[in-house]
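Visitor: I would like to learn how to read a model like this one, feature by feature. Please show me the chain first.

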Amino acid sequence: MKIIVLIYLSLVGSAEFLTCQMFVRMNQVGFTASDTKTAVLLSTDRLEDLSFRIVEKTGGRQAFRGKFTDLRRTYGTIPYSYLGDFSSLTTEGDFVLQID
């Protein structure tokens with residue numbers, strides 16, 4: 001079975017999200033339980049203390065919570081990139097990435 005994390009994003013909480021452009025890069029097919037599971041957040045502005053949650057698509061129960069780490073490199077013309085690693089999530093199901 002695969003762990004599927006959908007790219008639907010829920011950006012909540014910070015006014016930073018209203019003033020910058022952000023893009024997420026991640027596997028859109030899904031992951032097996034033993035896969036390395038990451039999402040890369042790209043931003044036109046520097047972001048601080050960025051956290052994320054992986055929640056069940058149906059019901060919204062939180063399955064994982066983590067923090068993005070600054071990759072300290074550009075991605076094309078996007079000046080800031082951040083890595084969210086949720087490899088320790090091994091529960092099978094359909095999930096949604098929410099950025100706090």
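Visitor: In which loop is the place of L50?

Guide: This is a predicted model. L50 sits in the loop between β4 (38-43) and β5 (51-56).

Visitor: Is L50 buried or exposed?

Guide: Burial is read from relative accessible area, with under 20% as the cut-off. L50 has a relative accessibility of 4%, so L50 counts as buried. A distance adds to the picture: the C-alpha atoms of L50 and I99 are separated by 7.5 Å, although the two residues are 49 apart along the chain.

Visitor: What does the secondary structure of the chain come to?

Guide: The chain has 1 helix and 9 strands. Read from the N terminus, the order of elements is β-α-β-β-β-β-β-β-β-β.

Visitor: What order do the strands of the open sheet have?

Guide: Sheet order follows from which strands pair, not from their numbering. Here 4 strands form an open sheet in the order β2-β4-β8-β7, with antiparallel pairing. β2 (22-26) and β7 (69-70) each have a single partner strand, so they stand at the edges, and one side of each lacks a neighbour in the sheet.

Visitor: How many bridges join β4 to β8, and how many join β2 to β4?

Guide: 6 bridges join β4 to β8 (residues 80-85), and this pair runs antiparallel. 5 bridges join β2 to β4, again antiparallel. To fix the register, pick a residue and find what it faces: M26 stands opposite A39 in β4, and the bridge partner of S43 in β8 is Y80.

Visitor: How many residues of β4 are buried?

Guide: In a regular strand the side chains alternate between the two faces of the sheet. β4 is mostly covered, with 5 of its 6 residues buried. One residue of β4 is S43, whose relative accessible area is 0%, so S43 is buried.

Visitor: What is S43 in contact with, leaving aside its neighbours within four places in sequence?

Guide: The partners of S43 are C20, Q21, M22, I78, P79, Y80 and Y82. The side chain of S43 also reaches the backbone oxygen of D45 at 2.7 Å. For a C-alpha distance, take T77: S43 and T77 are 34 residues apart in sequence and 10.0 Å apart in space.

Visitor: Which residues touch the most other members of the largest nonpolar core?

Guide: A core is read as a network of buried nonpolar side chains. The largest one here has 19 residues, and L41, I54, F86 and L97 touch the most other members. β2, β4, β5 and β9 each supply at least two residues of this core. Not counting residues up to four places away in sequence, L41 touches M22, F23, V24, L47, L50, F68, Y80, S81, Y82 and I99.

Visitor: Which strand does β5 join, and through how many bridges?

Guide: β5 is joined to β6 (residues 62-67) by 5 bridges, and the two run antiparallel. Within this pairing, R53 has R65 in β6 as its bridge partner. The hairpin of β5 and β6 has 5 residues between the strands, and there G59 takes a positive phi near 100°.

Visitor: Which side chain does a polar contact join to that of D100?

Guide: The side chains of D100 and R53 are joined by a polar contact of 3.2 Å. D100 lies in the segment after β9 (93-99). With a relative accessible area of 18%, D100 falls under the 20% cut-off and is therefore buried.

Visitor: What share of the chain's residues count as buried?

Guide: Of the 100 residues, 37% count as buried. The chain exposes about 5,900 Å², of which carbon and sulfur atoms supply 50%. Among contacts with a separation of 6 or more, 67% come from residues 24 or more positions apart.

Visitor: What pLDDT does the chain average, and where is the pLDDT below 50?

Guide: Confidence is read residue by residue as well as on average. The average pLDDT is 83, and 81% of the residues score at least 70. Over residues 7-17 the pLDDT is below 50, yet this stretch has 24 contacts in the model beyond near neighbours in sequence.

Note on methods:
Residues are numbered from 1 along each chain as its sequence is written. This is a predicted model: local features need pLDDT of at least 70, side-chain atom pairs count only at pLDDT 80 or more; totals for chains, interfaces and linings use all residues. Side-chain values use heavy atoms; hydrogens and water are left out. Buried means under 20% relative accessible area, exposed over 50%, partly exposed in between (1.4 Å probe, protein chains only). A polar contact is a pair of N or O atoms within 3.5 Å; within protein, one must be able to donate a hydrogen and the other to accept it, and residues adjacent in sequence count only if both atoms are side-chain atoms. Two strands pair if DSSP finds at least two bridges between them. A nonpolar core is a set of buried Ala, Val, Leu, Ile, Met, Phe, Trp, Tyr and Cys residues joined through side-chain atoms within 4.5 Å. Contact means heavy atoms within 4.5 Å. Accessible areas come from the Shrake-Rupley method with a 1.4 Å probe; for residues, only the protein chains shown count as cover. pLDDT is the predictor's confidence in each residue, from 0 to 100.
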